[in-house]
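Please open the model in your viewer and keep the selection panel at hand. The tour makes two stops, each at a pair of packed elements.

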Amino acid sequence: MKYITVKEIPVGKPDASDEVVYSSLEELCERIIIPPNFELGNILSGDKFYIVGNKGVGKTAILLYIKQLLEKEDTNAVCSMIMFKRDYSNVDRAQLEKIQKELISNLDIDRNDLLYVHDFLNIWTLLLYTKIVNDNKEHNYGIFENNTNWRSFESIINRLNITKDGILKLATTIPSTVNVVYNPEHEMYISEERIEYPQNEDAIPLGEFYNAIKVADKLFQSLNMSSHKYYLCIDELEAYKNDKKVFSRDLAMIRDLIITTKRINELIKKSNSKNMKIILSVRSEIIKSISNELPGKEINKCLDGFEEKIKWGSLQGRGIHQTLFYVWLKRIKIAADYGDEVRFEDIYNMWFPSSVGVEYTVDFILKRTWYKPRDIVRFMAILERIANKNDTRYSERYFAQALSEYSQQSLAELIEELGAVYRSAEITNINKSLTAFNRTRFTKDEFAQYLMCEFNDIDMANNIDSILDNLYRVGVLGCSNGDVERWNHSNEITPIEAKGWFYIVHKGLWSSLQLQKDSYNGMFLVELQGRPIECVVTGLYGKYFRLRFEWEGKEQRGKVHLKNAIGGYIPNPESYIKKIIILYVIDYDTQRQMWELSYDAYQDKMR
């Protein structure tokens with residue numbers, strides 16, 4: 001055990017691939033917490049090969065963990081990675097090259113060049129076979145036996161990639177068109193139909209290319225593997241609905257990568273090889289977009305039975321025993337070199353305040369997350385920046401200060417997820433409508449009427465069911481009946497059509513959507529919440545006591561409902577005027593500019 005400060009706790013990066021760059025694969029895997037109900041054995045030795053989950057739930061981290069685990073168990077095992085990154089600059093690519101040299105090789109695909117190729121099945125097959133050929137060569141032909149079948153397979157794959165400018169030179173039979181224009185918004189050349197591909201004497205006609213892939217399939221099934229495992233892990237591709245044609249192209253690429261992954265795994269199964277598998281991670285919202293936007297190929301049937309889903313919101317355990325919070329506690333445990341005798345509960349008591357405002361600290365944190373490790377890392381990173389250099393525990397004030405930045409970063413990430421369904425202008429209108437509506441809870445009819453009457457958006461009002469469904473799916477909204485809350489990240493289906501249920505805005509977004517201030521009169525709300533305060537009763541109005549109290553040398557005004565003033569019925573409220581009663585701040589009434597108080601420190605006024 002060693003003495004450390006808050007600033008010395010290794011926070012890590014929100015993205016697992018970035019964390020590997022700035023620390024190491026070993027350090028990342030040491031800190032990993034496996035999600036509840038995620039059966040790693042189904043991926044490692046079972047028949048599942050899709051890892052499915054929303055953005056930020058840890059799909060990349062799981063892939064990297066699989067790599068480290070396999071190669072640690074067998075030093076001759078090979079777990080190769082294909083990491084797709086969207087719109088990387090030269091600096092970003094240089095950083096990825098560093099990963100490539102150390103542990104991950106990156107397959108860089110120019111998706112702009114593939115804009116008008118609508119069937120990517122054979123192209124993906126070629127790219128994956130090319131990766132397999134390169135991996136075997138890089139490992140001195142230790143993955144597959146270097147016999148006649150292998151040499152034939154290697155020869156045909158190398159032949160298909162012989163052209164200087166990439167695989168698009170294969171498509172020489174596609175006719176050319178005119179009216180190719182440059183789209184500055186997406187930094188690409190596009191036309192109404194297709195791009196003209198240059199001819200090249202080394203290029204293979206498209207029909208011959210397809211036939212060559214069929215031959216490669218047969219040769220692939222005949223390869224003899226070594227006794228060591230070879231896994232090829234493919235990280236997710238992105239798709240954003242900024243341009244309809246580009247979006248459809250990207251969705252088609254992802255759809256066909258999903259199909260190709262299954263097809264090649266089936267070829268591996270037919271060859272009776274138990275030592276090889278291709279694993280692909282896919283975003284849940286992308287799967288939904290493919291189903292909605294690209295009819296024809298039933299992608300859900302392809303996934304069914306072969307996917308292992310990541311869900312952190314199973315609510316296994318409460319408080320500090322909720323698995324997601326271990327992500328934070330484990331980082332502290334490793335940094336402080338606590339032994340096995342130090343429990344997570346002990347670490348929590350040493351490092352965290354018991355409550356933040358009127359909420360227990362663990363509840364305060366988890367209720368503002370979407371049950372993703374990325375949310376925990378985001379909270380940690382902001383607190384690390386706020387903390388003083390000598391702080392040896394987190395303070396309540398730090399959590400109050402962190403709310404605004406945390407909320408803004410969370411909203412930015414959810415906007416990215418919505419980008420798989422809506423264009424930028426549509427997302428802007430949705431944000432504006434929620435902000436201007438200025439309500440944390442509402443019914444579908446109330447929101448639709450507001451959009452029509454106040455926001456004057458007929459299109460949004462007419463599509464209200466779809467909008468609310470998507471906002472629930474990504475986590476902007478949940479639903480409640482006043483007693484129970486349900487969220488998509490808790491793996492719960494919305495019962496919103498049931499009587500008495502209404503929509504609620506996620507607490508993590510209240511600040512960024514301007515639904516709640518973090519401070520009033522220069523004081524943080526959560527610092528006053530839950531504190532016993534001596535209040536002077538100054539008068540009565542309706543069913544409320546008027547109050548006066550002092551905080552940090554400033555006189556404050558407040559109110560308390562009579563039924564919440566002393567914990568019971570008050571027969572003669574006038575007798576309490578000018579008396580002192582002990583109350584707790586619950587919230588702030590922005591309309592009357594006074595604090596709301598209660599006899600009960602944990603009365604739930606934050607819903």
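What follows is a walk through two helix pairs, with the selections to make at each.

This is a predicted model, in which local features need pLDDT of at least 70 and side-chain atom pairs count only at pLDDT 80 or more, while totals for chains, interfaces and linings use all residues. Residues are numbered from 1 along each chain as its sequence is written, and side-chain values use heavy atoms, with hydrogens and water left out.

Select first residues 121-138, helix H6, and residues 244-270, helix H9, whose axes come within 9 Å and cross at roughly 60°; helices here are DSSP runs (H or I, at least four residues) numbered from the N terminus, and axes are lines fitted to C-alpha atoms over the stretch in contact, with angles from 0 to 180 degrees between N-to-C directions. H6 and H9 are therefore oblique to each other, since angles under 35 degrees count as roughly parallel, over 145 as roughly antiparallel, 65 to 115 as roughly perpendicular and the rest as oblique.

Now show side chains: on H6, Leu-121, Trp-124, Thr-125, Leu-128 and Tyr-129 make the contact (heavy atoms within 4.5 Å) with H9 residues including Met-253, Asp-256, Arg-263 and Leu-267.

Next, select helix H16 (residues 396-418) and helix H20 (residues 464-474), which pack at an angle of about 125° with their axes 10 Å apart. That angle makes H16 oblique to H20. Displaying side chains here brings up Leu-414, Glu-417 and Leu-418 of H16, which meet Asn-470, Leu-471 and Val-474 of H20.

Note on methods. Helices (H or I, at least four residues) and strands (E, at least two) are DSSP runs, numbered from the N terminus.
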